[in-house]
Amino acid sequence: MAQGSAAPPDDPVAASRGVSRRAQSEIYRAGISGTRPRVPVDADALEAAARKALSAEAYAYIAGGAGAERTVAANRAAFERWQVWPRPLRDVSSRDLSIDFLGVRRPTPLLLAPLGVMELAHPAADLAVARAAAALGVPCTLSNQASVPMEKVRDAAPTGSRLFQLYWSASDELNASLLRRAEASGCEAIVVTLDTHLLGWRSRDLDLAYLPFTRAMGIAQYTSDPVFQQLVRERSRSSAAAANGGTDAAAPPAPPVRLTPKAVAAGVRIARKGAVLTGSTSMRDNLRSPLPRAAVETFLDVFSTPALTWDDLAKARQWTSLPIILKGIVHPDDAIRALDAGMDGIWISNHGGRQIDQSVPTLEVLPTIVERVAGRVPIVFDSGVRQGSDVFIALALGATAVALGRPYAYGLGIAGEAGVREVVRNVLAELDITLGLSGNTSVTELDRHALREV
Ligand code: FNR
């Protein structure tokens, strides 16, 4: 086991019992000596602490949304429409957070949503996230835009449960290769994200003129992939041929970047990341090699394809034998279409409001989708989940599992692996307490009767 990797609980389902009592006791005991949690429990305070800990660019990338960020706000506001009924005088001394998901009993109904470029929050990035998730028995979804190749994440937390999220690229060979690697490295399912076939119009990033991928951040799944490496070499060769007057020109060269200290720093970073392509540890070699820059350009070329349609999904079945979940479903008709296409699960998400401004908030459509899917496949829910009572509401409205996004990135930014662990633990603790105070003993028994619509 890699150094520092978290040992899983012997019986994760049992370990998830009593999570709230342990969390409260730990926090209040530390308080006796005057120690307050480094990672705030309150969701707004958590975000504010992350803002202090992160660079302006990193915070903007993580917290920001599309346009005027009305979807980000609406995702949160949608939870205000539901209230939890307190129901005392039922024996809730033993409570069970476990669910069945993809044929396996999971200790909790929580997943970690795929978040790309976590090196923005902490150098240990996906390694820290995977270790924290494994320690709590929570599956994590490895992003296609991760900062660490999926095989290294597996090595860091080999006992953790992992799903792999694919952005369907313009190269089918690359898609197939990524899915082969996901299967070989022990991922349990493929999550195909459908809502990012164009990059959202993200005001904060645009105003800072900052996109991490252009600095070779968040492209580790690509640069570690043999098919992608081949694409980079081909691109680099044809660019060289074009420069020498040859005829097989690749895409027209990008306009030159103005040479400033920031541009030099970005160049050094790209060169450092490009070592995986050049095979050299010498910074001099990597700065001279065209491959690191070609990797960024190749990524920008292949990253997504707006031409993708429902018919293409059949190809994914040939590329993998793993269950396939479609992420980014919001319209109930698309949920049914996913069933017709033989998909194994639906992930309701509007990407946390990062794609369309004034999009439909996900919680608003959850009940309709649940009704129409009628239990035929599992439904994962995300966008706007900030605390345990949110998870409770989504489960009561029929979600099978609930995915946590930005809050764990904030925990990572504040305190690395321990920060992620604390954030996830706090969400689970509040869920457990809400379950008991609402007179319930199992998350699988929750339904609309647990809620009052405002
Ligand atoms: C994301 N999300 C995302 N989704 C995905 O399928 N692949 C990815 O690589 C990313 N990357 C990513 C980075 C960052 C910084 C954020 C905030 C989000 C979307 C993510 O999986 C999830 O749908 C949202 O985070 C849910 O919204 P909230 O609850 O975080 O607001």
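This short report looks at how two domains of a predicted protein model meet.

## The two domains

Let's start with the layout. The domain assignment splits the protein chain into domain 1, made of residues 12-198 and 305-453, and domain 2, made of residues 210-244 and 255-302. If you mark the C-alpha centre of each domain, the two points are 32 Å apart. Where the domains touch, domain 1 brings 23 residues to the contact and domain 2 brings 20.

## How much area is buried

The size of an interface is often given as the accessible area lost when the parts come together. Here, about 1,700 Å² is buried between domain 1 and domain 2, and carbon and sulfur atoms give 59% of that area. Try finding E119, Q145 and L174 in domain 1: these residues lose the most area to domain 2, and together they account for 29% of what the domain 1 side buries.

## Polar contacts and salt bridges

Two salt bridges are found across the interface of domain 1 and domain 2. There are also 12 residue pairs in polar contact between the two domains, counting pairs with both residues at pLDDT 80 or more.

## A look at the domain 1 side

Which elements of domain 1 supply at least two residues each to the side that touches domain 2? They are the helices α4 (56-63) and α8 (172-184), along with the strand β6 (162-167). Of these, α8 gives the most, with five residues.

Sorted by class, the domain 1 side that touches domain 2 has 12 nonpolar, seven polar and four charged residues.

Terms used: Residues numbered from 1 in each chain as written. Predicted model: local features only at pLDDT ≥ 70, side-chain atom pairs only at ≥ 80, totals over all residues. Heavy atoms only, no water. Domains from an automatic or database assignment. Contact = heavy atoms within 4.5 Å. Buried area = accessible area lost by both parts, 1.4 Å probe. Salt bridge = Lys/Arg side-chain N within 4 Å of Asp/Glu carboxyl O. Polar contact = N/O pair within 3.5 Å; in protein donor to acceptor, adjacent residues only side chain to side chain. Helix = DSSP H or I, 4+ residues; strand = E, 2+ residues; numbered from the N terminus. Nonpolar A, V, L, I, M, F, W, Y, C, P; charged D, E, K, R; others polar.
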